[in-house]
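Let's take a walk through this one together. Keep the viewer open and follow along.

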Amino acid sequence: DNENPYDQTQRNTKEDLQSTKEIATEFVRAFASFNGKNPSEHIEKAKPYMSEEMYENYKAQKERGTLTYDKVVPETLETTEVSNDDPDVIQWNVIMQGKVYDVEGKSEPEEDWYLVTLKKQDNGYKVVGVRVNLPN
């Protein structure tokens, strides 16, 4: 049996892979959209996709430090496979391309890579972790 321990598509159903891919994508669409005037808005938007514990952790952190930008607007999201050797979770890499705006309203293009980890909860798969722009 030549099961590849890093290939999550071999141990998860097509349904679970499809639904977690959609959840990861929608999570990043919400989570990546930052609004300096309402710094916790993106957490609230992402709440439906997050586990209760992750939501509570992020809510407690509130501020994301002093940001030089005022707003992030995701435009395109591309979700790709990652190698993952943990059978308890499903992971997706979501590449967010969009624009960041500074307080003067000047924008520049932005590309961020979100590694999204999902785990089955009582109410289906939820995001339990996210890491942004990990060094390769």
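A good place to start is the pair formed by β1 and β2: β2 covers residues 89–102, the two strands run antiparallel, and 11 bridges join them. For a landmark in this pair, look for T79, which stands opposite V94 in β2. Keep in mind that what you're looking at is a predicted model.

Now zoom out to the whole sheet. It is an open sheet of 4 strands in the order β1-β2-β3-β4, with antiparallel pairing. Which strands stand at the edges? Those are β1 (69–81) and β4 (124–132). Each has a single partner strand, so one side of each is left without a neighbour in the sheet. Going from one strand to the next, the twist averages 35°.

Next, the helix. α1 takes in residues 14–31 and lies across β1, β2, β3 (107–121) and β4. If you line α1 up with β2, you'll find the helix running at about 25° to that strand.

Let's finish with a single residue, N12, which sits in the segment before α1. Is N12 buried or exposed? Its relative accessible area is 15%, and since anything under 20% counts as buried, N12 is buried. What does the side chain of N12 reach? It gets to the backbone oxygen of Q8, at 2.9 Å. Leaving aside residues up to four places away in sequence, N12 touches L17, I90 and Y125. Of these, L17 belongs to α1 (residues 14–31), I90 falls within β2 (residues 89–102), and Y125 is part of β4 (124–132).

Conventions. Residues are numbered from 1 along each chain as its sequence is written. This is a predicted model: local features need pLDDT of at least 70, side-chain atom pairs count only at pLDDT 80 or more; totals for chains, interfaces and linings use all residues. Side-chain values use heavy atoms; hydrogens and water are left out. Two strands pair if DSSP finds at least two bridges between them. Axes are lines fitted to C-alpha atoms, for helices over the stretch in contact, and angles run from 0 to 180 degrees between N-to-C directions. Contact means heavy atoms within 4.5 Å. Buried means under 20% relative accessible area, exposed over 50%, partly exposed in between (1.4 Å probe, protein chains only). A polar contact is a pair of N or O atoms within 3.5 Å; within protein, one must be able to donate a hydrogen and the other to accept it, and residues adjacent in sequence count only if both atoms are side-chain atoms.
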